[in-house]
Amino acid sequence: MPYWRLSAVYFCYFAVVGALSPYWGLYLADLGYRPIDIGLISAIPMLTKLAAPNIWGVLADSSGRRLLIIQLGALGACLFFAGLFLRQDFYWLITVTIVYSFFWNAILAQFEVVTLSYLEDDPHRYSRVRVWGSVGFIVTVLVLGYLLEIISIRHLPVFIFIFLFGILLSAISLPSDKTRVKVRGAGAFVKVLCSPGVLLFFIVMALLQVSHGVYYTFYSIYLEGFGYTRSLIGALWALGVVAEILIFIKMPALFARFTLHRLLQFTLLLTAARWWVIGWFPESAILMTGIQLLHAFSFGVAHAIAIEFVRIKFAGKGQSQGQAFYSAICFGGGNAIGAYVCGFLWQGNPLWAFGFSIASVLLASLLLAIFIAP
């Protein structure tokens with residue numbers, strides 16, 4: 001298994017996320033955009049994720065060339081993201097974001113499948129490879145948090161481009177996966193999707209991601225409004241991902257001890273508590289620090305559960321499309337709805353946005369408890 005080359009792709013991919021999630025909203029605010037504009041622009045990569053992973057997933061399953069799809073996605077993302085160096089006006093920014101994110105969204109869902117194919121004999125080692133994505137995120141938010149205290153945040157696109165190029169180089173370095181791919185038809189995917197509890201599981205996970213819209217889009221802006229420095233904001237983002245790393249390492253033990261249903265229900269309730277504390281007690285640096293540890297559950301445990309669920313349900317039956325559907329519906333649709341609705345609510349009162357996030361995750365908890373068997 002090419003452990004370090006697989007890990008390098010995760011590192012660079014989530015370095016991009018580490019530059020976007022904490023600082024993209026601040027960058028757009030520095031350009032003079034309103035909260036509703038920031039919400040719309042931030043929602044675009046999530047909206048393209050609704051279609052892009054499924055389109056790329058069909059191509060991957062039909063061609064059997066998943067690694068090539070990843071490489072094309074990384075190349076396209078690099079080329080089109082470079083358009084931001086030319087202009088930053090509203091409609092140009094929207095156009096560039098639509099196109100580059102369509103290619104960027106080709107990468108992760110297919111790479112999850114490629115990684116699991118290399119781990120075929122020991123799939124529980126997935127967390128040990130994926131953890132390097134978390135490391136990439138942490139390094140990026142800490143370093144950029146410090147640098148953006150010294151240099152203008154207008155330089156943010158340069159760092160994002162460097163990380164995108166890193167994904168491309170890392171993907172090119174991987175050996176061909178042609179002999180590892182088993183091509184399946186779309187019918188197998190649809191059959192599994194329509195089996196009891198599967199589609200509803202994705203709805204629950206999508207609602208969880210809807211609740212994250214306020215966090216990914218406005219968390220940094222919110223804290224900066226209460227006097228937090230950018231380096232401290234970066235440190236808080238990093239702390240959440242440190243907790244995520246620790247929980248990824250422990251996931252095999254948690255899966256051995258608890259059912260996916262019980263772990264997910266616990267995660268949903270903790271996530272509701274997280275948004276409540278962040279929304280209503282931002283003045284307390286101690287509470288803001290402690291509550292970030294719940295990122296281990298609201299993202300880490302939830303994502304590991306979803307990957308394991310897809311692996312079990314779609315094993316040998318349209319797995320690329322299963323991963324793509326999870327990415328599209330949950331991270332695409334869920335995050336896009338959350339970002340846009342919270343951008344609209346934020347203009348009235350930030351607490352309305354946090355209240356919406358709490359309601360979304362509690363609805364997910366209710367659906368899980370009532371309609372999905374343990």
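What follows is a walk through the fold, two bent helices, the cysteines and two buried residues of a predicted model.

Start with the overall picture. The protein is built from 16 helices, and its strand count is 0. Its radius of gyration is 19 Å, close to the 21 Å that the globule rule gives for 374 residues, so the chain is as compact as a globular protein of that length. Measured out along the principal axes, the C-alpha trace covers about 50 × 50 × 35 Å. Of the 374 residues, 59% count as buried. The surface left over comes to about 14,600 Å², and carbon and sulfur atoms supply 70% of that exposed area. The contacts reach well along the sequence: taking those between residues at least 6 apart, 86% join residues at least 24 apart.

Helix α1 takes up residues 3-30. With 28 residues at 1.5 Å each, α1 should span 40 Å, and its end C-alpha atoms do sit 40 Å apart, so expectation and model agree. That said, α1 bends by about 55 degrees at Y23. It is also largely enclosed by the rest of the structure, because 21 of its 28 residues are buried. Just past the end of α1 comes G32, with a positive phi of about 100 degrees.

Helix α10 can be described along similar lines. It runs over residues 213-225, and its 13 residues reach 18 Å from first C-alpha to last, close to the 18 Å expected at 1.5 Å a residue. A kink of about 55 degrees is centred on Y219. Most of α10 is covered, with 10 of its 13 residues buried. Y219 itself is on the buried list, which also includes the aromatic residues Y215, Y216, F218 and Y222. After α10 there is again a glycine with positive phi: G227, near 90 degrees.

On to the cysteines. A search of the whole structure turns up 0 disulfides. For C342, the nearest cysteine sulfur belongs to C330 and is 17 Å away, and C342 is in no disulfide. A disulfide is a covalent bond between the sulfur atoms of two cysteines. With the cut-off for a disulfide at 2.5 Å between sulfur atoms, that gap of 17 Å leaves C342 unpaired with C330. Solvent does not get at either residue in this model: C330 has 0% relative accessibility and so counts as buried, and C342 is buried too, with a relative accessible area of 0%.

Two more residues give a feel for the packing. V210 belongs to helix α9, residues 198-211, and is buried at a relative accessible area of 7%. Beyond its sequence neighbours up to four places away, V210 touches G334, N335, I337, G338, F356, S357 and S360. One of these partners, F356, is 146 residues away in sequence, yet the C-alpha atoms of the pair are 9.0 Å apart.

Q323 lies in helix α15, residues 319-346. Its relative accessibility is 1%, so Q323 counts as buried, being under the 20% cut-off. Setting aside neighbours within four places in sequence, Q323 is in contact with A109, E112, V113, L116, I307 and V310. I138 is another matter: 185 residues from Q323 along the chain, its C-alpha is separated from that of Q323 by 25 Å.

Note on methods: Residues numbered from 1 in each chain as written. Predicted model: local features only at pLDDT ≥ 70, side-chain atom pairs only at ≥ 80, totals over all residues. Heavy atoms only, no water. Helix = DSSP H or I, 4+ residues; strand = E, 2+ residues; numbered from the N terminus. Expected span 1.5 Å × (residues − 1). Bend = angle between axes of the 7 residues up to and from the residue. Buried < 20%, exposed > 50% of the residue type's maximum accessible area, 1.4 Å probe, protein only. Rg over C-alpha atoms; globule rule 2.2 N^0.38 Å. Contact = heavy atoms within 4.5 Å. Areas by Shrake-Rupley, 256 points an atom, 1.4 Å probe, with all protein chains shown as cover.
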